[in-house]
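Visitor: I'd like to go through this model and ask why things get the labels they do. Can you take me round?

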Amino acid sequence: MKKSNTGYYIKEGVSSIFTHGFMSFASVAITVACLVIMGSFSLLAMNVNSIVADFEDENVVIAFVDKAYSQENGGEALKSSVLSVEHVTSAEFISKEEAYQSFVGKYDDTMQFDDLDSDILRDRYAVYMDDVANITDVQVGLSRIPGIAEIKANLNVAQGFVTARNIISVVSLSLVVVLIIVSLFIMSNTVKLTTIDRKDEIAIMRMVGATNSFIRWPFLLQGFILGLLGALLAYLVQWGLYELLTNIILSDYSVSFISLVPFATVALPLLLIFLIIGLCVGVGGSTMAIKNYLKV
Amino acid sequence: MIQFNDVYKEYANGIKALKGISFTLRDGEFAFLVGPSGSGKSTLMKLITGEISPSSGSILVNGYMMDKIRMRKLPYVRRTLGIVFQDFRLIEKKTVYENVAFAMRVVGAPNREIRKRVPYVLDLVGLADKATMHPNELSGGEQQRVAIARALVNNPSTIIADEPTGNLDPARSLEILMLMQKINELGTTVLIVTHEKAMVDEFSQRVIAIDGGHLISDGMDGYYNYEEV
């Protein structure tokens, strides 16, 4: 870009936005809508992932050792077999005495357990896995180990979260692709209107010796400004919406067990993503629109 | 200098527009290009401006070989040419001054040079007092003068005009051709495509005549002589 032409490019780019005010407004509005929908699904997916991660931290499969096996071989003998099950990342042996102490420790009045023996409980393993989605495989694998009497796993809750996470991920990704294409199309048409309006001017430019870059710059700037505007507005709308929904969810005690990702932790990456997508849509749409006018 | 050497042009639909055209227009020359509709005049003009390429033969335009030129070099050829059209092709929303300045801005001329050169060229074509007017406030002849000023402003070595008097009455046509002759006397090569027999005969200048894609006459004997051939 020649320095002496910068003023001209900016003036032409900005004036084109106002000349086709309605289409400019429409393309910014569509960009904002697409980015907000995209952002909302991404934030939802992020929060579900965070909830699933919390769930994984708290959720363990408990594998109880058969009492007879414990008496003959000792419960700890099964540790290598437990660890060899696919998807198992670690396993913590909990003896029946430790389990008893832990159980009793949950109560203030321990006197009521004085006549109880730890023998009523069984040795057990707290088994952790790589992904809660593999909980069924782990359960089956553990059940095949001779000496494991019973397995306790919260299958329904785990699978529910995993299914939700998978659906949201697929929907988010599909929406991102579809909405980017829609935005690109609208932006391209907005800039194309300007190129049609200035068709004669472009022909004159070419005849007096304008280079392709000279012709292209005002249109690229128009797309750049619209894309930038769309991205910044979308970011503000997304911020407001997220704060609003967070406040509503957090004030509802029935879902108080859910911890949401604070907006501050995603603010910068989200702004960067919005800017990148907005500018790509703006500049990409302009490039598509002007392409045919740069031949010959 | 413009040089055509055995140039043929056949379009994709099979129409043979030019069949072995050869001529040379030297620097500083003035020539009319005449011929009936469909004779190949427009094709010849498009070959000079690089809008199309020849099927065979070679074309030299102000030092550029047009039959071998790369797309990205075309703007630089066009900067050596000043092109004037029958329909003026002015930008309605710009003033006379802005229309002329626009041609300089497009080639990256600095503002200081634009401020100096545009008034000089407008004075040359007799429109110094109309600089702030818009094209729709001017007569046809004045609009064509603006187009000529725009073609001249970048100091091209050649002016090519495609039917520049086609939309004007005889008196205004004569004025425009007189202006072209004046520009030629200042050192610019001029090639004018026209149908105006009377006008061509008024000027004792070279006439290149084409018909059916062939060059049928090239000399100083006027349009009348071409019709006799």
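Guide: Here is a short tour of the labels, each with its reason.

Visitor: How do you know how far to trust chain A?

Guide: This is a predicted model, so the guide here is pLDDT, the predictor's confidence on a scale from 0 to 100. Chain A has a mean pLDDT of 83, and 92% of its residues reach 70 or more. Among the elements of chain A, helix α7 (residues 155–197) has the lowest mean, 78, and helix α9 (residues 212–250) the highest, 90.

Visitor: Why is A:Asn73 called partly exposed?

Guide: Count the neighbours: A:Asn73 has 13 other C-beta atoms within 10 Å. Buried needs 20 or more and exposed means 12 or fewer, so with 13 A:Asn73 is partly exposed. A:Asn73 sits in helix α3 (residues 67–73) of chain A. A:Asn73 and A:Gly147 are 74 residues apart in sequence, yet their C-alpha atoms are 9.5 Å apart in space.

Visitor: What makes β1 and β3 of chain A a pair?

Guide: Pairing takes at least two bridges between the strands. Strand β1 (residues 61–65) and strand β3 (residues 124–129) of chain A have four, so they are a pair, running antiparallel. A:Val61 stands opposite A:Val127 there. On the same test, strand β2 (residues 88–94) of chain A pairs with β3(A) too, because six bridges join them, also antiparallel. One of the bridge partners there is A:Arg124, opposite A:Ile94.

Visitor: Over in chain B, why are β2 and β5 called edge strands?

Guide: Start with the sheet, which is open, with four strands in the order β2-β1-β4-β5 of chain B and antiparallel pairing. Strands β2 (16–25) and β5 (64–65) of chain B each pair on one side only, and that makes them the edges. Further in, β1 (residues 2–10) and β4 (residues 56–61) of chain B pair over five bridges, with B:Ile2 opposite B:Val61. Chain B as a whole has eight helices and 10 strands, and 43% of its 229 residues are buried.

Visitor: How do you know that the two chains touch?

Guide: A contact needs C-beta atoms within 7 Å, and 15 residues of chain A are in contact with 16 residues of chain B. The largest share of chain A's side, five residues, comes from helix α8 (residues 199–207) of chain A. That side divides into eight nonpolar, four polar and three charged residues.

Visitor: And what covers the buried residues of α8(A)?

Guide: The buried ones are A:Ile204, A:Met205, A:Arg206 and A:Met207. Their cover includes α9 of chain A, plus α1 (41–49), α2 (74–78), β6 (81–84) and α3 (96–106) of chain B. Just after α8(A), A:Gly209 takes a positive phi of about 100 degrees.

Visitor: What makes a set of residues a nonpolar core?

Guide: The members must be buried, belong to the nonpolar set used for cores, and be joined through C-beta atoms within 7 Å. The largest such core has 98 residues, and those with the most contacts inside it are A:Leu35, B:Leu33, B:Val100 and B:Ala149. Helix α9(A) gives the largest share, 10 residues. Another core, of 20 residues, lies apart from it and includes A:Val52, A:Ala63, A:Val65 and A:Ile135.

Visitor: Which residues does B:Leu33 contact?

Guide: Leaving aside its neighbours within four places in sequence, B:Leu33 is in contact with B:Lys41, B:Leu44, B:Leu191, B:Ile192, B:Val193 and B:Ile208.

Conventions: Residues numbered from 1 in each chain as written. Chains lettered and ligands numbered in written order. Predicted model: local features only at pLDDT ≥ 70, side-chain atom pairs only at ≥ 80, totals over all residues. Contact = placed C-beta atoms within 7 Å. Helix = DSSP H or I, 4+ residues; strand = E, 2+ residues; numbered from the N terminus. Nonpolar A, V, L, I, M, F, W, Y, C, P; charged D, E, K, R; others polar.
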